Amino acid sequence: MNTVDALVDFLNRIDGQGYKAYKGLLGTWAFPDFALHVDHVQGDPFARPSRLRVILPPEAAALEDDVLSSPSRRLGVASLLAKRFHEAAQKTMVRRGSGKSGLIEIETPGQEVFAQTAVIVRDDGTVEARFRIGLPAQGRRARGHEAIALLTTDVPAVVSESLHAGSVGHQAILRHALTNEDADALRAELGARGWVAFVADGAKLARASGVDDRPLLGESAVPFSTPAGLTQEVELPNAGTVRGMAIPRGVTLIVGGGYHGKSTLLRAIERGVYNHCYGDGRESVVTDSSAVKIRAEDGRSVAGVDISAFIGTLPQGQDTHSFSTPNASGSTSQAAGIVEALEAGATTLLIDEDTAATNFMIRDRRMQALVPKEAEPITPLVDRVRSLWETRRVSCVIVLGGSGDYLDVADTVVAMRDFRPADVTAEAQRVASELPTGRETETSGPIEAFRTRHPDPTSVDPSTAKREAEVKAFSGPSLVFGDQTIALSAVTQLVSRAQTLAVGRGLLLARDRFMDGRRSVSEILTLVMQVIEKEGLDALDDRSVGDLAQFRPMELAAALNRLRTLEVCSTESVGPGR
Ligand code: ADP
Ligand code: MG
């Protein structure tokens, strides 16, 4: 390993030389309390900044045993340290020349906590941070002296402020560790107790704004209060007893007036598939980890999805057992979304009237009278939710303030009023029997098996004219895959750019290793997730990059399913209850 003195010598020597001279930085440099790895040097001052890692041995990071003792605790710690690194970098960095000279940037986690590669905390207490710096330039010449300041002053200052337990504070680190462990324990209880979600008393569900995922603070934020009738208690390993609303499996309806907090509750449930950091307000809001938000997304492409359970033969005789279109309607996109989610292993579906296709959700008595069944290909979800639950054991949580037709099919009804929930299940049943809808149920049969899809690997092409594989992610989110751009803004459980990029790399892995024209979508998803489970996120990229984050098979499926070139062949059939 080279010493810091050698680094300084080298940078003094190349001061004023062509920018390419920085390539000599590649390799490992021994600093007093960490090793600095320079993995990639940018080609010019305006290019993507250079890729570096620092590795702190356990004695330098000085994390105590109690924050390292479980994988879950370590993830909570890593996520906190990545945020602290970002904050310290923001404070420390100064402009050191043209272009991106002097920049220090790290991929920062948001409110959700999951495995990511920006900061990794190993079980022995080793801490690794992966970040980028802009090597200083004057025009196109290396500013070696500025680089000395950046590498031997700025970077060590950021490291010591953010990756040393002493500077971050043991109590803060411990809180993040324990919070994350509790959330995992709480989610594990869901399955055991037959719940799809748990929302703790006092949780802060509202967000600062539509573009700011931090909690809404101040007097106006109404903490969640548990409705009598749905109150349950869970014993957590660290926080002790937590009380909250448990949403049981089956069909749940969230009703209430406009602007009374229905969508906010559903959004918290939707994000509850992930843990949240200490201070987020949703630390004890957890959801079945395979719950999928379903929405209408007209205009998206659909490849060979069996939507026949929801949508019968379309105009011009188009068969819906293997439905493909470059331009789905609201209802067909929503039907495809459900079937694709089940294919990816979803056992809970989350639907909000705000983002649903009305004709997919309901068809009332008058419309049944006006438009004969033969002229309406859609079997509305109201006639399908019971069968989803009873035949396939798939639960639904549906926000619906605009139609009472669902009262007949709901097991549980929660009403939101002034941001406070009430259990109105009994009242809803009374209303349903006193005021019959007069609707004809449009189908009584169980949901038949869906056909299995087998992707054609040649239709999933990551190459471009210039590169063998091109995968890039943008917040928004969208994913560049080869020559395609996959729009993912309707995939609301994809929560960070790092997650989106990891999904793109997962798609590449799926294509390279598992798609053979015979394997089914669900087999391929399982195989990719197994690789990550076994080898970690670094299995997705052999360059030790810092911008990957954990994702679920559902989001990997969502990206594959929105790839406009995707072609599949489909066969009979996945039986119910898979
Ligand atoms: P709905 O879906 O019932 O129409 P929303 O969930 O969209 O209502 O909420 C309406 C507004 O109220 C939003 O601006 C939201 O951020 C805010 N809000 C929701 N829940 C709370 C709460 N518990 N405390 C304070 N504001 C809230
Ligand atoms: Mg709403």
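Ser-263 is buried, at 14% relative accessibility, in this predicted model. Ser-263 is also one of the protein donors of the magnesium ion (ligand 2), and it is among the residues that come nearest to ligand 1. The points below cover the metal site, the ligand 1 site and helix α13.

**Magnesium site**
- The magnesium ion (ligand 2) has Ser-263 (OG) and Asp-354 (OD) as its protein donors, at 2.1 to 2.2 Å.
- These two donors are 91 residues apart and link distant parts of the chain: Ser-263 belongs to helix α7 (residues 262-271), while Asp-354 sits in the loop between β22 (348-352) and α9 (358-361).
- Asp-354 has a relative accessible area of 56% and is therefore exposed, the threshold being over 50%, whereas Ser-263, at 14%, falls under the 20% limit for buried residues.

**Ligand 1 site**
- Ligand 1 is surrounded by 14 residues, of which Val-222, Tyr-259, Lys-262, Ser-263 and Thr-264 come nearest.
- This shell consists of 6 nonpolar, 7 polar and 1 charged residues.
- A polar backbone atom of Val-222 lies 2.8 Å from a nitrogen atom of ligand 1.
- A polar backbone atom of Tyr-259 lies 2.7 Å from an oxygen atom of ligand 1.
- The side chain of Thr-264 places an N or O atom 2.6 Å from an oxygen atom of ligand 1.
- On its own, ligand 1 has 560 Å² of accessible area, and the protein covers 79% of this.

**Helix α13**
- Helix α13 (residues 497-514) has 18 residues, which should span 26 Å at 1.5 Å a residue; the 25 Å between its end C-alpha atoms agrees with this.
- Because 14 of its 18 residues are buried, α13 is largely enclosed by the rest of the structure.

Notes:
Residues are numbered from 1 along each chain as its sequence is written. Chains are lettered from A and ligands numbered from 1 in the order in which they are written. This is a predicted model: local features need pLDDT of at least 70, side-chain atom pairs count only at pLDDT 80 or more; totals for chains, interfaces and linings use all residues. Side-chain values use heavy atoms; hydrogens and water are left out. Donors are N, O and S atoms within 2.8 Å of the metal (3.2 Å for Na, K and Ca); water is not among the atoms, so sites may look incomplete. Helices (H or I, at least four residues) and strands (E, at least two) are DSSP runs, numbered from the N terminus. Buried means under 20% relative accessible area, exposed over 50%, partly exposed in between (1.4 Å probe, protein chains only). The expected span of a helix is 1.5 Å times one less than its number of residues. A residue is near a molecule or strand if one of its heavy atoms lies within 4 Å of it. A polar contact is a pair of N or O atoms within 3.5 Å; within protein, one must be able to donate a hydrogen and the other to accept it, and residues adjacent in sequence count only if both atoms are side-chain atoms. Accessible areas come from the Shrake-Rupley method with a 1.4 Å probe; for residues, only the protein chains shown count as cover. Ala, Val, Leu, Ile, Met, Phe, Trp, Tyr, Cys and Pro count as nonpolar, Asp, Glu, Lys and Arg as charged, and the others, Gly among them, as polar.
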